[in-house]
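Me: I'm new to reading protein structures and would like a close look at one part. Could you walk me through it in plain words?

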Amino acid sequence: MDKEIITYQLHLDGFRFLGNTNLVDETSDFGAIWENFFQMGGYKPILPYAVDEKPINVWYHDPQGRVVYFQGLFVKNVDHVPEGYTQMDFPGGDYLAVTTEWMETNEEAVGEAGNGRCNEYADRVEPPAGWAKADGPESLIFRIEKENAHTPQGSRYEVWVPLRKLDGTV
């Protein structure tokens with residue numbers, strides 16, 4: 001039986017991110033993207049700087065409007081960017097998180113029952129009253145994904161959709 005979808009709102013202060021950037025489109029091979037990430041060292045070179053060790057994917061538009069899939073971790077106090085990795089600072093903002101109840105295995109959470117359902121629901125979820133989605137082509141960040149693996153409660157996938165106040169303030 002599918003776990004219930006849960007939504008909640010969160011605020012994220014401006015953050016520093018360290019990981020691997022990938023220009024992506026509808027033909028991108030995510031298996032190859034992940035294989036390349038782990039071949040270059042995966043999370044290991046980033047962990048000394050991690051604020052949170054839970055894997056994060058930041059989806060954003062580069063200055064040319066292209067879609068970038070950025071695999072990595074929230075970090076601070078980075079004194080050396082590992083070879084092949086990229087460090088970027090992102091502005092803060094408000095997000096609507098889409099997730100599920102805790103699942104027994106991480107495989108279930110990152111599979112269709114977790115990741116797949118959360119991303120699908122994030123595409124159609126209505127924002128909270130007084131807010132609008134800020135995930136269009138004009139947005140820098142249009143989605144953040146967080147993998148909560150092997151916690152004491154279990155595992156679950158989260159998809160964060162950027163929001164903006166309807167009165168125009170952020």
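Me: How much space lies in the second largest pocket? Please take me around its lining and the parts that supply it.

Reply: Keep in mind that this is a predicted model. The second largest pocket holds about 160 Å³ of space. Its lining is made up of 14 residues, and the closest to the centre are Trp34, Asn57, Tyr69, Asn115 and Tyr157. By type, the lining divides into 9 nonpolar, 2 polar and 3 charged residues. Helix H1 (30-39), strand E3 (56-61) and strand E8 each supply at least two of the lining residues.

Let's start with H1. Asp29 caps the N-terminal end of this helix, with a side-chain oxygen 3.0 Å from the backbone nitrogen of Gly31. Just after the helix comes Gly41, which takes a positive phi of about 125°.

Now look at Trp34, one of the residues closest to the pocket centre. Trp34 counts as partly exposed because its relative accessibility is 22%, which falls between the 20% and 50% cut-offs. Phe37 sits 3 residues along in H1, so the two are separated by about one helical turn. Unlike Trp34, which is partly exposed, Phe37 is buried, at 0% relative accessibility.

What about their rings? A pair of aromatic rings is described by how far apart the centres are and by the angle of the planes. The whole structure has 21 aromatic pairs. In the pair of Trp34 and Phe37, the ring centres are 5.5 Å apart and the planes are at 85°, so this pair is edge-to-face. Trp34 and Phe37 also belong to a cluster linked by ring pairs, together with Phe30, Phe38, Tyr43, Trp59, Tyr69, Tyr85 and Phe142. You've met Tyr69 already, among the residues closest to the pocket centre.

Next, strand E8, which covers residues 141-151. Asn148 has its place in this strand and is buried, with a relative accessible area of 4%. Leaving out residues up to four places away in sequence, Asn148 touches Lys54, Trp102, Asn106, Gly154, Ser155, Arg156 and Glu158. With Glu158 there is also a polar contact between the two side chains, at 2.9 Å. For a sense of scale, Asn148 and Leu12 are 136 residues apart in sequence, and their C-alpha atoms are 17 Å apart in space.

His150 lies in E8 too, but His150 counts as exposed because its relative accessibility is 63%. Its backbone is worth a look: most residues other than glycine have a negative phi. His150 is not a glycine, yet has a positive phi of about 55°.

Finally, back to Tyr157, another residue closest to the pocket centre. Tyr157 is in contact with Thr100, and so are Arg156, Cys118, Arg117 and Ala113, among others. Thr100 itself lies in strand E6 (residues 93-100). With 0% relative accessibility, Thr100 counts as buried.

So here's the picture to keep: a pocket of about 160 Å³, with H1, E3 and E8 each giving at least two residues to its lining.

Methods. Residues are numbered from 1 along each chain as its sequence is written. This is a predicted model: local features need pLDDT of at least 70, side-chain atom pairs count only at pLDDT 80 or more; totals for chains, interfaces and linings use all residues. Side-chain values use heavy atoms; hydrogens and water are left out. Helices (H or I, at least four residues) and strands (E, at least two) are DSSP runs, numbered from the N terminus. Buried means under 20% relative accessible area, exposed over 50%, partly exposed in between (1.4 Å probe, protein chains only). On a 1 Å grid over the protein atoms alone, a cavity is a set of points where a 1.4 Å probe fits but cannot get out, and a pocket is an open set with protein on both sides within 12 Å along at least five of seven lines; lining residues have an atom within 4 Å of a point. Grid points are joined across faces, edges and corners, and a volume is the space filled by probe spheres set on the points. Ala, Val, Leu, Ile, Met, Phe, Trp, Tyr, Cys and Pro count as nonpolar, Asp, Glu, Lys and Arg as charged, and the others, Gly among them, as polar. Contact means heavy atoms within 4.5 Å. A polar contact is a pair of N or O atoms within 3.5 Å; within protein, one must be able to donate a hydrogen and the other to accept it, and residues adjacent in sequence count only if both atoms are side-chain atoms. Rings of Phe, Tyr and Trp (its six-membered ring) pair if their centres lie within 6.5 Å; planes under 30 degrees apart count as stacked, over 60 as edge-to-face and the rest as tilted.
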